[in-house]
Amino acid sequence: MEALEINNEVDDGQVVETKTLQLIAFSIGEQIYGVEITTVREIRAWNGATPLPNTREFVVGVINLRGTIVPIFDLRARFGDGQTSPTKTHVVVVMSVGEKWVGILVDAVSDILTVSKDDIHNVPEGNSVDTDLLSGIITHDGQMVGLIDLHAVVAGAQIEA
Amino acid sequence: MSELDEFKATYFDECSELLNELEEQFTAIEEGDRNADRLNAVFRAIHSVKGGAGAFGFSGLVGFAHEFETLLDFVRTGKIEMTDEVVTLCIRSNDIVADFVGAARAGEELPSDHGAEEKARFVTLCKGTKGDDELDEDGEPMEEFDIEFTPVMVNLEPVNDSGKEGWLVEFTPHRDLYARANDPLLLLRELAELGDVDVKVILKTIPTLADFEPFGVYCGWEILVPGDDVTEQSVRDVFEFVDGDCDIKITRQTIAEPRDDADAMAFDLDDDMPSFADLANEITPEVKKPVPVAAPVQSDPNGTEEGKNAAPVGVQSIRVDLDKVDRVVNMVGELVITQSMLTQQMDDNLKVHYQELVRGLEVLAQTTRGLQDSVMAIRAQPVKSVFSRMPRLVRELAGKTNKKIRLEMVGENTEIDKTVIEQLSDPLTHMIRNSADHGIEIPEKRTAGRKPETGVIRLSAEQAGGNILIIVEDDGAGINRDRVLQIARERGVVGPEQQMSEEQIDNLIFAPGFSTADEVSDISGRGVGMDVVLSNIKKIGGSVHVRSWPGAGTRMTLRLPLTLAVLDVMLVTVGRCPYVIPLSSIVETMQCSRAEFGHMPTGGRVLQVRGEYVQVVDLATRFEMHTDVEDKHRFAVLCEAEGSVKIALIVDDIIGQQQVVIKSLEENFERIDGIAGGTILGDGNVALIVDVQGLRSATTHRNAA
């Protein structure tokens with residue numbers, strides 16, 4: 001059934017393309033965040049990373065992704081909630097940001113959401129960290145889902161001298 | 001890419017090779033080597049450039065190259081003397097040909113009068129010679145294609161000086177000969193200069209109209225060259241350029257032989273051969289087959305000029321897309337990793353029980369290493385390809401600055417990885433420009449300083465261990481240290497109280513504060529674009545070092561890795577994390593418990609090694625890693641950075657030596673201070689490569705701040 005649904009959406013062509021958005025939703029603690037599905041390259045279980053010296057606390061380290069070195073960002077730490085102590089059940093979502101591939105460390109991947117673009121709310125003015133890191137907010141099943149601005153998340157990784 | 005574009009691309013590739021060769025030949029000629037082979041090589045190269053240009057309709061290039069060729073031909077045949085003036089003109093013209101090729105490649109048009117002055121001089125020079133009737137003066141680019149109506153200087157009357165000896169030349173052009181824009185008529189004319197030749201055309205092979213192929217080649221010639229004094233070689237020389245594009249048979253003949261038989265002979269020659277053979281053997285007549293000739297000469301390791309006579313047909317090399325080679329290199333890199341992973345998996349238990357497996361793994365290790373070396377060798381290229389651009393640069397600079405500069409080049413055949421070579425062009429250009437601009441003084445000043453009027457820039461390449469050293473040296477004024485230091489202080493690169501050694505001052509020219517030309521062009525020292533040098537060289541994992549002797553000159557040394565892909569490293573741990581240190585920079589390692597440390601007022605440590613005090617960098621502190629290893633159980637790795645400056649890195653443990661494939665951190669992340677890159681270990685984990693030079697300069701900088 002699911003497969004059929006997806007097919008329908010694809011076949012619908014333009015309408016679907018312009019009006020709706022598919023998200024991969026993942027959780028950090030209780031909160032759910034999402035990124036656009038087309039940017040996601042791979043989802044893998046946490047399997048350790050080599051720490052990078054002189055980087056900010058939200059840079060977990062680098063991993064070997066089939067021969068290329070990919071940095072991993074701790075999304076919890078990025079939001080200022082303290083560093084995650086990763087276990088085997090934690091998940092790394094590998095995404096492409098521009099030309100680069102980065103991984104973000106999250107607690108779990110929860111769902112694939114299809115939302116209408118019209119339903120994206122602006123991030124309310126307030127804490128600058130929130131407005132910087134999120135590009136929008138959507139409501140799904142009565143829950144708030146923050147849309148991650150990947151470019152902002154990966155910026156400023158090095159400790160300024 | 002259309003087919004034509006592909007042909008064009010190939011043509012331009014060939015052109016750059018030819019231009020490099022030309023540059024080389026001219027350098028030798030300029031140095032006084034008047035060997036005829038050199039001129040012939042030049043002539044051939046220009047001819048090839050022209051031929052291709054004609055095919056693609058680059059009329060400006062064809063026109064110029066043609067006039068140039070005419071001049072060269074006169075020089076070659078001795079009608080024009082090879083004076084210095086002519087040499088200079090030729091070299092200048094060579095640059096112009098390069099300009100034309102460059103413009104054609106970029107799809108640009110040069111001003112229509114480009115090279116007109118030189119062209120006019122060609123004509124003047126050529127006019128003064130006895131061969132001027134051959135010269136076409138209208139300068140029309142395509143005139144070489146409509147020469148068939150110019151008077152033919154061959155004598156078609158049979159020469160019946162019976163009893164006289166001569167050469168019977170049987171000349172059957174192939175289709176390729178015409179395809180390469182050669183004209184048999186020119187060859188016949190040239191033959192005619194050897195004496196009163198008797199030319200007979202062989203038309204027997206012309207098929208019936210139905211079978212006639214428009215571009216087919218059906219006729220050949222028989223030419224009887226009389227004269228006892230004409231050598232076989234001189235006859236052969238005429239056909240030098242069409243070697244491989246035609247069948248040539250040269251046999252000694254008595255002229256008296258009835259010419260009527262010639263037709264028959266031409267076609268049944270194979271049967272008749274035995275009768276000629278004995279007579280002919282002494283003078284080695286044979287149908288020239290290009291391949292066997294080409295093979296031994298082209299592989300001539302000294303790359304002497306004879307090699308270039310070889311016909312293009314002798315396939316000794318192939319053109320391969322660089323991407324394809326890179327793919328192989330990458331895969332071999334992965335293979336190396338897998339192999340070392342397998343080796344690491346072998347524990348003692350396995351080793352006892354599976355000896356065959358162990359042996360197999362050892363063989364695999366050897367083969368992998370061999371494979372890796374061979375793959376690297378494919379990518380290696382002689383630095384010549386970059387060096388050969390420099391003579392022109394120096395000539396131009398000398399002209400602009402009114403200085404007299406001679407460029408000496410040594411070790412052009414040193415081979416480096418292609419990627420390194422590509423990155424080398426800009427830095428070298430800047431360094432040479434710098435030497436010519438700021439290093440070498442104007443002639444008057446040099447004479448006053450009791451130096452020879454002509455300044456020398458010496459460009460050399462050599463291999464030193466796992467590195468290639470490229471050295472640019474000049475005998476100019478050297479760096480004005482006072483000014484450099486003064487400017488450095490003004491710009492805040494150096495603190496007001498900071499004392500610097502002479503060497504440190506010299507190296508200040510690479511400091512970021514000295515980065516742009518405008519800021520420093522007024523100092524008599526250096527600084528033009530030197531940041532480009534440093535950043536380019538650093539990018540490929542190399543280092544730059546400068547030394548200067550006031551009044552006597554400056555030497556800049558580029559230390560480059562042999563290859564970018566593989567690195568011999570020492571694997572260490574710091575705070576339980578793996579780090580690797582390039583083996584090439586390690587001098588020695590020692591246990592901290594046996595090392596003698598001294599303490600500095602600021603709390604820093606120095607290591608005493610054989611009477612020398614060396615700055616100590618604790619990697620755990622530097623990289624903010626937590627370590628629980630006691631100090632006495634840790635190790636000091638003594639490394640040598642640029643300019644023989646040593647630095648001691650303190651690590652937790654030394655694991656061993658291995659080969660790693662360098663992976664970029666910047667590809668997905670950004671550059672990190674003190675880290676030169678990453679690599680993937682046998683267990684699949686990432687290890688970081690310690691940037692020894694970066695650590696050293698960063699620490700110096702911090703201390704300075």
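This report describes selected features of chains A and B, beginning with chain A, moving to the contact between the chains, and ending with chain B. The model is a predicted one, and the values below are computed from it.

## Chain A

Chain A contains 5 helices and 10 strands, and of its 161 residues 31% are buried. When contacts in chain A are taken between residues at least 6 apart in sequence, 54% of them join residues at least 24 apart.

Within this chain, an open sheet of 5 strands follows the order E3-E6-E7-E5-E4, and its pairing is mixed. Strand E3 (40-45) and E4 of chain A stand at the edges with a single partner strand each, so that one side of each is left without a neighbour in the sheet. On average, and with direction ignored, neighbouring strands of this sheet are turned by 30° against each other. Inside the sheet, strand E6 (residues 91-97) of chain A runs antiparallel to E7(A) and is joined to E7(A) by 7 bridges; at one position of this pairing, Val91(A) stands opposite Val106(A) in E7(A).

A single residue of another strand can be followed in some detail, namely Gln22(A), which lies in strand E1 (residues 20-28) of chain A. Is Gln22(A) buried or exposed? Gln22(A) has 16 other C-beta atoms within 10 Å and is therefore partly exposed, since a buried residue would need 20 or more and an exposed one would have 12 or fewer. Leaving aside residues up to four places away in sequence, Gln22(A) touches Ile37(A), Ile112(A) and Thr114(A). Of these partners, Ile112(A) is 90 residues away from Gln22(A) in sequence, yet the C-alpha atoms of the two are 6.9 Å apart in space.

## Where the chains meet

The contact between the chains takes 19 residues from chain A and 22 residues from chain B. On the side of chain A that touches chain B, strand E4 (59-65), strand E5 (68-74) and strand E7 (100-106) each supply at least two residues, and E5(A) gives the most, with 4 residues. By kind, the residues of this side of chain A divide into 11 nonpolar, 7 polar and 1 charged.

## Chain B

In chain B, the axes of helix H11 (residues 322-345) and helix H13 (residues 355-379) come within 10 Å and cross at roughly 155°. Because angles over 145 degrees count as roughly antiparallel, H11(B) and H13(B) are roughly antiparallel to each other, and their crossing is left-handed. The residues that meet include Val325(B), Leu335(B) and Gln339(B) in H11(B), and Leu364(B), Thr368(B) and Arg379(B) in H13(B). In this contact the residues divide into 13 nonpolar, 4 polar and 1 charged.

Further along chain B, strand E17 (residues 612-618) pairs with strand E16 (residues 605-609) and is also joined to strand E19 (residues 646-651). The table sets out the two pairings, with one pair of bridge partners for each.

| Strands | Sense | Bridges | Bridge partners |
|---|---|---|---|
| E16(B) and E17(B) | antiparallel | 4 bridges | Gln608(B) and Tyr613(B) |
| E17(B) and E19(B) | parallel | 4 bridges | Gln615(B) and Ile647(B) |

E16(B) and E17(B) form a hairpin with 2 residues between the strands, and in this hairpin Arg610(B) takes a positive phi near 45°.

Terms used. Residues numbered from 1 in each chain as written. Chains lettered and ligands numbered in written order. Predicted model: local features only at pLDDT ≥ 70, side-chain atom pairs only at ≥ 80, totals over all residues. Axes fitted to C-alpha atoms, helices over the stretch in contact; angles between N-to-C directions. Parallel < 35°, antiparallel > 145°, perpendicular 65-115°, else oblique. Left-handed = near helix turned anticlockwise from the far one by under 90°. Contact = placed C-beta atoms within 7 Å. Nonpolar A, V, L, I, M, F, W, Y, C, P; charged D, E, K, R; others polar. Pairing = 2+ DSSP bridges.
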